[in-house]
Amino acid sequence: MKFDAIIIGTGQAGPSLAASLAKNGYKVAIIEKGHLGGTCVNVGCTPTKAYVASARRAFIAKNSTALGVEVNGSIAVNLKTIKARKDKIIADSRTGLNKMFTSNENITLVKGKARFLDNHSVEVNGKTYEADKFYINVGGKPRIPEGFEGVNYLTNESILELEEIPDHLIIVGGGYIGLEFGQMFRRFGSKVSILDRGDHLLKKEDPEFGKAIADIFKDEGIEVRLNSDCISAKKSGDEIEVSINCKEGSPTIKGSHLLLATGRIPNTRDLGLENTDVSLDEKGYIWVTNELQTSAPNIWALGDCNGEGAFTHTAYNDFQIVNSHLFEDKKRKLSDRFTCYAAFIDPPLARVGMNASDIEKAGIKARVATRPMAKIARAKEMGETQGMLKIYIEAKTEKILGATFLGTGADEYIHTIIDQMYARQPYTVIRDAVHIHPTVSELIPTMLENIKSLE
Ligand SMILES: Cc1cc2nc3c(=O)[nH]c(=O)nc-3n(C[C@H](O)[C@H](O)[C@H](O)COP(=O)(O)OP(=O)(O)OC[C@H]3O[C@@H](n4cnc5c(N)ncnc54)[C@H](O)[C@@H]3O)c2cc1C
Ligand SMILES: NC(=O)c1ccc[n+]([C@@H]2O[C@H](COP(=O)([O-])OP(=O)(O)OC[C@H]3O[C@@H](n4cnc5c(N)ncnc54)[C@H](O)[C@@H]3O)[C@@H](O)[C@H]2O)c1
């Protein structure tokens with residue numbers, strides 16, 4: 001069968017692109033080997049944030065005595081109900097996508113795994129599909145280190161199928177996935193141990209943020225072991241025993257369940273790309289131009305598989321970039337985008353742009369503004385004073401280089417900084433703005449009155 005365009009994957013870029021191509025008269029096929037919606041909808045953002053919400057309710061119910069709220073009765077967490085609520089949210093999204101594809105006469109949904117035969121054709125379930133243009137949106141999957149083959153480990157996918165709360169959940173990896181699941185399952189009632197080979201949690205952040213998170217987690221009763229390289233695991237009776245290469249602490253740890261949260265790899269190795277002119281880097285990410293074109297001129301790559309972002313908003317922005325070159329005057333580019341994201345722990349960590357080590361590597365002369373949450377009236381009133389705010393400013397241009405916020409509501413008010421960076425205005429615009437009292441945001445202008453040289 002021949003189409004104007006074929007999209008592989010129904011993640012965070014493919015469906016919007018299919019709708020736009022179809023609206024502009026293209027005959028489009030969109031191919032999906034798994035559930036419609038990809039990682040974010042089925043095993044990523046949506047289910048984890050639904051679980052985070054349940055975990056926070058449980059935590060608040062158990063920890064509000066200091067605010068004068070006493071719960072005189074037991075608080076039970078029902079993982080079956082939590083899972084059923086999550087499954088319903090996911091089912092609604094999948095249904096919406098299915099309706100969108102099947103009700104559009106210009107879109108053909110093909111269920112199955114696509115494999116390129118050459119630059120202009122793919123094979124799915126023994127049938128050949130040809131097109132002038134291809135858009136690859138195949139996403140990624142968990143990276144499983146060697147040494148764990150002999151045990152029944154969990155990933156971000158299988159942990160979301162549990163219906164009983166684990167007694168003792170060991171988590172290998174102190175990145176976003178490890179931290180979000182770790183705090184969530186601790187709040188559900190599991191004993192939780194998080195192990196990471198690095199010397200601080202969230203290795204991409206300034207070390208002080210990882211240290212502050214480790215303290216918050218330890219206060220909640222989570223065991224955090226750093227400088228701990230987990231090399232293998234084996235069955236030990238009913239338990240799983242993990243062997244650790246470490247200088248301090250026991251070289252083994254036993255638990256009822258093991259979650260591997262050791263990073264992700266792109267779904268590009270079994271896509272038949274060797275039959276095309278598409279080039280991959282050494283980690284398997286697809287090489288793309290600033291406009292997301294691959295080294296084959298009729299093939300584009302969007303989302304996690306191009307290695308230029310690892311988030312839903314970056315995948316969606318990839319759609320916007322490609323779409324702007326297809327159908328809009330305002331041509332967008334990858335290089336216009338500032339990196340931004342949040343870790344949805346409690347309190348959340350939110351980040352945009354550069355951190356201290358990025359600034360040092362770039363040799364930029366910078367200044368910094370900081371404020372602990374403990375010095376913010378609204379945080380005190382809420383009884384949520386953990387964390388701190390940090391903003392970096394370029395000395396020469398007075399423009400904001402980046403910010404990291406750890407604190408209650410940080411995933412929302414980081415956008416004050418993100419928008420200022422996109423406006424490409426000096427930091428003095430926010431410094432001189434009047435914000436609403438009492439909010440955490442109101443202290444952002446105040447902290448910018450006190451900027452210091454970055455040592
Ligand atoms: C636990 C977890 C939590 C996350 N939380 C957040 C969050 O809070 N915020 C955030 O921004 N990001 C989050 N992410 C990241 C986010 O989910 C991804 O960045 C996003 O889903 C990437 O979308 P994508 O379009 O690149 O691909 P995906 O969503 O991965 O979709 C790719 C699709 O392609 C299909 N596919 C692959 N190969 C083929 C083939 N050969 N043939 C046919 N189909 C194929 C797959 O089945 C899949 O459906 C989270 C990720 C995880 C794992
Ligand atoms: N809130 C969000 O936006 C969100 C949430 C979850 C996941 N995600 C996405 O998923 C991606 C992957 O997340 P992740 O947490 O799996 O990866 P990550 O790369 O952020 O963290 C993995 C951690 O595992 C450690 N590690 C790896 N192997 C180890 C071993 N053998 N022993 C001990 N430690 C080991 C690494 O040192 C690292 O700190 C992220 O890049 C992000 O794009 C996003």
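## The shell around ligand 2

Helix 5 gives the largest share of the shell around ligand 2, with 4 residues. Keep in mind as you browse that this is a predicted model. Helix 5 spans 176-188, and it is joined by strand 11 (229-236) and strand 17 (340-343): each of these elements supplies at least two residues of the shell.

Around ligand 2 there are 26 residues, and the ones that come nearest are Gly173, Gly175, Tyr176, Ile177 and Ala310. If you like to think in residue classes, the shell around ligand 2 breaks down into 13 nonpolar, 7 polar and 6 charged residues.

## Helix 1 meets helix 7

Next, a helix pair. Helix 1 (residues 14-23) and helix 7 (residues 312-327) have axes that come within 9 Å and cross at roughly 20 degrees. Angles under 35 degrees count as roughly parallel, and helix 1 and helix 7 are therefore roughly parallel to each other. Their crossing is right-handed.

On the helix 1 side, the contact is made by Ser16, Leu17 and Ser20, while helix 7 brings Tyr316, Phe319, Val322, Asn323 and Phe327. By class, this contact of helix 1 with helix 7 has 5 nonpolar and 3 polar residues, with no charged residues.

## The annotated domain

Turning to the record, the unreviewed UniProt entry places the feature "domain: Pyridine nucleotide-disulphide oxidoreductase dimerisation" at residues 342-447. In the model, the chain over residues 342-447 is 34% helix and 26% strand. The end C-alpha atoms of this stretch are 21 Å apart.

Technical notes:
Residues are numbered from 1 along each chain as its sequence is written. Chains are lettered from A and ligands numbered from 1 in the order in which they are written. This is a predicted model: local features need pLDDT of at least 70, side-chain atom pairs count only at pLDDT 80 or more; totals for chains, interfaces and linings use all residues. UniProt positions are given in the numbering used here, feature names are shortened, and annotations may be inferred rather than shown by experiment. Axes are lines fitted to C-alpha atoms, for helices over the stretch in contact, and angles run from 0 to 180 degrees between N-to-C directions. Angles under 35 degrees count as roughly parallel, over 145 as roughly antiparallel, 65 to 115 as roughly perpendicular and the rest as oblique. A crossing is left-handed if the near helix is turned anticlockwise from the far one by less than a right angle, and right-handed if clockwise. Two residues are in contact if their C-beta atoms, placed from the backbone, lie within 7 Å. Ala, Val, Leu, Ile, Met, Phe, Trp, Tyr, Cys and Pro count as nonpolar, Asp, Glu, Lys and Arg as charged, and the others, Gly among them, as polar. A residue is near a molecule or strand if its C-beta atom, placed from the backbone, lies within 6 Å of it.
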